[in-house]
Amino acid sequence: RLVPHSGVVNRLAWMQGTNPYGPGDRVLQKTPVTFDVSVPELFGPLACGATLVLAKPGGHREPAYLAELIGRDRITSAHFVPSMLSVFLDEPAAAGCTGLDRVVCSGEALPVELAERFHRLLPGVRLDNLYGPTEASVEITGLHSSPGATFAAGSVPIGGPAWNSQVHVLDGALLPVPVGVAGELYLAGAQLAYGYLGRWALTAERFVANPFGAPGARMYRTGDLVRWTADGELEFVGRVDD
């Protein structure tokens with residue numbers, strides 16, 4: 001995937017503008033650099049003067065080690081995919097990670113039950129649910145999951161778009177669907193990749209003309225089914241090919 005620096009910069013600026021790091025923050029970097037989530041983990045804190053704390057290689061798979069590291073190194077921010085967050089919360093020492101200020105989830109649907117368990121175990125710690133493919137500079141929508149919030153679906157909504165980005169929920173004719181009706185999610189704006197290196201047919205299939213933008217504008221066809229809630233948030237439903 002050919003991802004421009006400008007897309008990553010927009011992603012980092014959005015994060016810093018909506019939930020900023022400060023000089024007192026200590027951010028855990030545990031995702032292998034071969035995965036896209038490592039980009040905001042690495043560059044988010046370094047871009048604003050926060051401290052970056054590196055986990056040992058393979059440490060992202062060890063809940064007890066992570067809990068010990070978070071406490072010992074006074075970590076204030078960490079990222080988990082939901083399945084790993086569930087395993088982490090099963091670790092008895094996780095309840096002692098009260099120095100955390102925020103936890104960010106992405107990469108999978110975040111079950112409502114897991115979010116509720118998180119808030120019970122770590123009250124006062126912010127939980128953000130983000131969504132996005134590598135083709136949109138890692139993450140392009142987000143929602144702050146508040147304690148006690150109720151959601152109609154089994155997973156926490158994925159929220160609304162990042163700065164300078166647009167999301168469209170469309171039917172098979174590329175027409176917007178009504179609120180509450182599932183449609184395919186298309187992404188547009190500053191964070192789109194150029195395409196796939198050397199794979200021009202796949203690029204043409206997934207990056208299509210944007211009928212809602214200026215001439216020459218493109219959209220990325222995610223293959224994900226979503227719907228708008230009455231509150232104006234996106235709710236993940238599944239995959240088009242399920």
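**Questions on a predicted model**

Colleague: In which strand is the place of His 79?

Modeller: The model discussed here is predicted. In it, His 79 belongs to a strand that covers residues 77–80. That strand is β3.

Colleague: Is His 79 buried or exposed?

Modeller: The relative accessible area of His 79 is 7%. A residue is called buried when this value is under 20%. His 79 therefore counts as buried.

Colleague: Which residue is joined to His 79 by a polar contact between side chains?

Modeller: Leaving aside neighbours within four places in sequence, His 79 is in contact with residues including Lys 30, Glu 41, Cys 105, Ser 106 and Glu 139. A polar contact of 2.7 Å links the side chain of His 79 to that of one residue, Ser 106.

Colleague: How many helices and strands are there in the protein, and is it as compact as a globular protein of that length?

Modeller: The protein contains six helices and twelve strands. For 242 residues the globule rule gives 18 Å, and the radius of gyration is close to that, so the protein is as compact as a globular protein of that length. The radius of gyration itself is 18 Å.

Colleague: What percentage of the residues count as buried?

Modeller: The C-alpha atoms fill a box of roughly 55 × 40 × 30 Å along the principal axes. The protein exposes about 11,100 Å², of which carbon and sulfur atoms supply 59%. Of its 242 residues, the buried share is 50%.

Colleague: Against which elements do the buried residues of α3 pack?

Modeller: Helix α3 covers residues 63–72, and its buried residues include Tyr 65, Leu 66, Leu 69 and Ile 70. After this helix comes Arg 74, whose phi is positive, near 55°. The buried residues of α3 pack against β1, β2, β3 and α4.

Colleague: Is Leu 187 buried or exposed?

Modeller: Leu 187 lies in strand β9, which covers residues 183–189. Its relative accessibility is 0%, and the cut-off for a buried residue is under 20%. Leu 187 therefore counts as buried.

Colleague: How far apart in space are Leu 187 and Arg 218, C-alpha to C-alpha?

Modeller: Beyond its neighbours within four places in sequence, Leu 187 is in contact with residues including Pro 133, Ile 140, Val 167, Arg 218 and Tyr 220. In sequence, Leu 187 and Arg 218 are 31 residues apart. In space, their C-alpha atoms are separated by 8.6 Å.

Notes: Residues are numbered from 1 along each chain as its sequence is written. This is a predicted model: local features need pLDDT of at least 70, side-chain atom pairs count only at pLDDT 80 or more; totals for chains, interfaces and linings use all residues. Side-chain values use heavy atoms; hydrogens and water are left out. Helices (H or I, at least four residues) and strands (E, at least two) are DSSP runs, numbered from the N terminus. Buried means under 20% relative accessible area, exposed over 50%, partly exposed in between (1.4 Å probe, protein chains only). A polar contact is a pair of N or O atoms within 3.5 Å; within protein, one must be able to donate a hydrogen and the other to accept it, and residues adjacent in sequence count only if both atoms are side-chain atoms. Contact means heavy atoms within 4.5 Å. The radius of gyration is taken over C-alpha atoms; the globule rule is 2.2 Å times the number of residues to the power 0.38. Accessible areas come from the Shrake-Rupley method with a 1.4 Å probe; for residues, only the protein chains shown count as cover.
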